[in-house]
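Please take this walk through the model with the coordinates open beside the text. The paragraphs below go from one helix to its packing partners, and then on to some single residues.

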Amino acid sequence: MINETLLRRVPPILRARDFRLYTQDGRRLVDLWQYGGAAILGHTPAGLLRTLKNTAQRGLFAPLPHPQEKRLLKALATLLPGMTFRLYRSDTALRHALEAGGFPEPVLWRPFRDSALPPDQPCIPVLPLPWSDALGVLAVPPETAAAFPPSEIISAVILAAATRGVYDLIAATPARGQVSYPRIEEALANEAAAGRWLRQGIYLHCSLQRSSPRSPDLNDEAYGKIFTHFLEHGFLIPPDQNQPLILPWVLSAGEESKLAELLAKAI
């Protein structure tokens with residue numbers, strides 16, 4: 001869940017290009033949130049924007065049956081082989097359907113982090129989409145698929161964008177998940193950073209539950225200070241401490257050095 005109070009600390013954003021945000025007051029921010037993973041391939045992926053434009057020009061906004069649904073299911077089966085999929089008009093609708101049926105919360109599958117799915121366990125894949133709540137995808141083992149709510153009819157515009165995003169993820173593997181930043185890796189080896197950040201590939205999880213096994217829990221105020229500190233130095237981190245920081249595909253030498261310095265210092 002997005003912490004709106006934290007997000008309001010961000011200056012108004014006029015445009016986004018790749019992994020950088022440009023504010024109304026002339027600042028440039030490096031995006032380490034990436035919309036929870038919806039912008040994991042950048043904010044301006046050419047193929048996705050072209051697909052959106054072509055589909056929107058045909059006026060296919062309403063949730064009506066369309067062949068694009070089968071294309072998305074085929075793309076998802078390539079990304080996550082061996083699974084069956086349910087499609088919902090939003091992530092919220094997906095979760096409401098699960099709650100109504102008494103199903104437990106599925107795990108999130110994040111690209112470039114999870115190479116394999118837990119056996120016999122449903123999951124929600126995090127996909128690159130311009131709208132994080134425009135489509136909810138549930139991946140379930142075939143033998144348990146009948147127990148889950150059926151798919152809803154999705155707008156062809158959303159289906160086309162999601163299909164392009166899935167194929168772009170496949171094409172980006174493994175390069176996107178193998179970014180190497182020596183200064184950041186050195187910073188994370190720092191004792192203070194090691195107790196604060198857990199790295200899984202391109203993901204950095206902020207461990208604020210405890211700074212040491214015997215220390216008390218830290219609250220949202222502590223994360224708010226970290227959020228503001230990064231923002232003041234030109235980096236946007238997630239406005240929710242339960243979401244990981246995502247390393248961009250590209251960082252300049254100066255951006256890498258500054259980020260490494262921030263990660264190495266305890267706040």
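A residue is called buried here when its relative accessible area is under 20%, exposed when that area is over 50%, and partly exposed in between. With that cut-off in hand, and bearing in mind that this is a predicted model, one can begin with helix 4, which spans residues 91–100 and whose buried residues are Asp91, Ala93, Leu94, Ala97 and Leu98. Viewed down the axis of helix 4, these buried residues fall within an arc of 165 degrees, so they line one face of the helix. An α-helix has 3.6 residues a turn, so residues three or four places apart point the same way. The buried residues of helix 4 pack against three strands, namely strand 4 (84–88), strand 6 (123–125) and strand 7 (136–140), whereas the face turned away from the buried side carries the exposed residues Glu99 and Ala100.

Between these two descriptions, buried and exposed, stands arginine 95, which also belongs to helix 4 and which counts as partly exposed because its relative accessibility is 22%. Leaving aside neighbours within four places in sequence, arginine 95 is in contact with Glu105, Leu108 and Ile124. Arginine 95 and proline 238 are 143 residues apart in sequence, while their C-alpha atoms are 21 Å apart in space. After helix 4 comes glycine 102, with a positive phi near 75 degrees.

The next topic is helix packing. Two packed helices are described by the angle between their axes and the distance between the axes. The axes of helix 2 (residues 46–56) and helix 5 (residues 156–172) come within 9 Å of each other and cross at roughly 160 degrees, and helix 2 and helix 5 are therefore roughly antiparallel. Their crossing is right-handed. On the side of helix 2, the residues that meet helix 5 are Gly47, Leu48, Thr51, Leu52, Thr55 and Ala56, and their counterparts in helix 5 are Ala156, Val157, Ala160, Ala161, Arg164, Gly165 and Asp168. Sorted by character, the residues of this contact between helix 2 and helix 5 divide into 7 nonpolar, 4 polar and 2 charged.

Which residues of helix 2 are buried? They are Gly47, Leu48, Thr51, Leu52 and Thr55, and they cover an arc of only 135 degrees around the axis, which puts them on the same side of helix 2. These buried residues of helix 2 pack against helix 5, while Ala46, Arg50 and Lys53 are exposed on the other side of helix 2.

Helix 5 also meets helix 3 (residues 68–79), where the two axes come within 9 Å and cross at roughly 25 degrees, which makes helix 3 roughly parallel to helix 5. The crossing of helix 3 and helix 5 is left-handed. In helix 3 the residues that meet helix 5 include Arg71, Leu72, Lys74, Ala75 and Leu76, and the residues that they meet in helix 5 include Leu159, Ala160, Thr163, Val166, Tyr167 and Ile170. The residues of the contact of helix 3 with helix 5 divide into 12 nonpolar, 3 polar and 3 charged. Ala160 in helix 5 takes part in the contact with helix 2 and is also among the residues that meet helix 3.

What remains is a set of residues in loops. Arginine 9 is found in the loop between helix 1 (4–7) and strand 1 (13–17), and it counts as partly exposed because its relative accessibility is 40%. Not counting residues up to four places away in sequence, arginine 9 touches Gly224, Phe227, Thr228 and Leu231. Arginine 9 and lysine 74 are 65 residues apart in sequence and 41 Å apart in space, taken from C-alpha to C-alpha.

Two further loop residues are picked out by their backbone angles. Most residues other than glycine have a negative phi, and most peptide bonds are trans. Aspartate 18, although it is not a glycine, has a positive phi of about 55 degrees; it lies in the loop between strand 1 and strand 2 (20–23) and is partly exposed, with a relative accessible area of 42%. Phenylalanine 112, also a residue other than glycine, has a positive phi near 70 degrees, and its place is in the loop between strand 5 (107–109) and strand 6. Is phenylalanine 112 buried or exposed? At 16% relative accessibility, phenylalanine 112 counts as buried.

Key:
Residues numbered from 1 in each chain as written. Predicted model: local features only at pLDDT ≥ 70, side-chain atom pairs only at ≥ 80, totals over all residues. Heavy atoms only, no water. Axes fitted to C-alpha atoms, helices over the stretch in contact; angles between N-to-C directions. Helix = DSSP H or I, 4+ residues; strand = E, 2+ residues; numbered from the N terminus. Parallel < 35°, antiparallel > 145°, perpendicular 65-115°, else oblique. Left-handed = near helix turned anticlockwise from the far one by under 90°. Contact = heavy atoms within 4.5 Å. Nonpolar A, V, L, I, M, F, W, Y, C, P; charged D, E, K, R; others polar. Buried < 20%, exposed > 50% of the residue type's maximum accessible area, 1.4 Å probe, protein only. Arc of directions from axis to C-beta.
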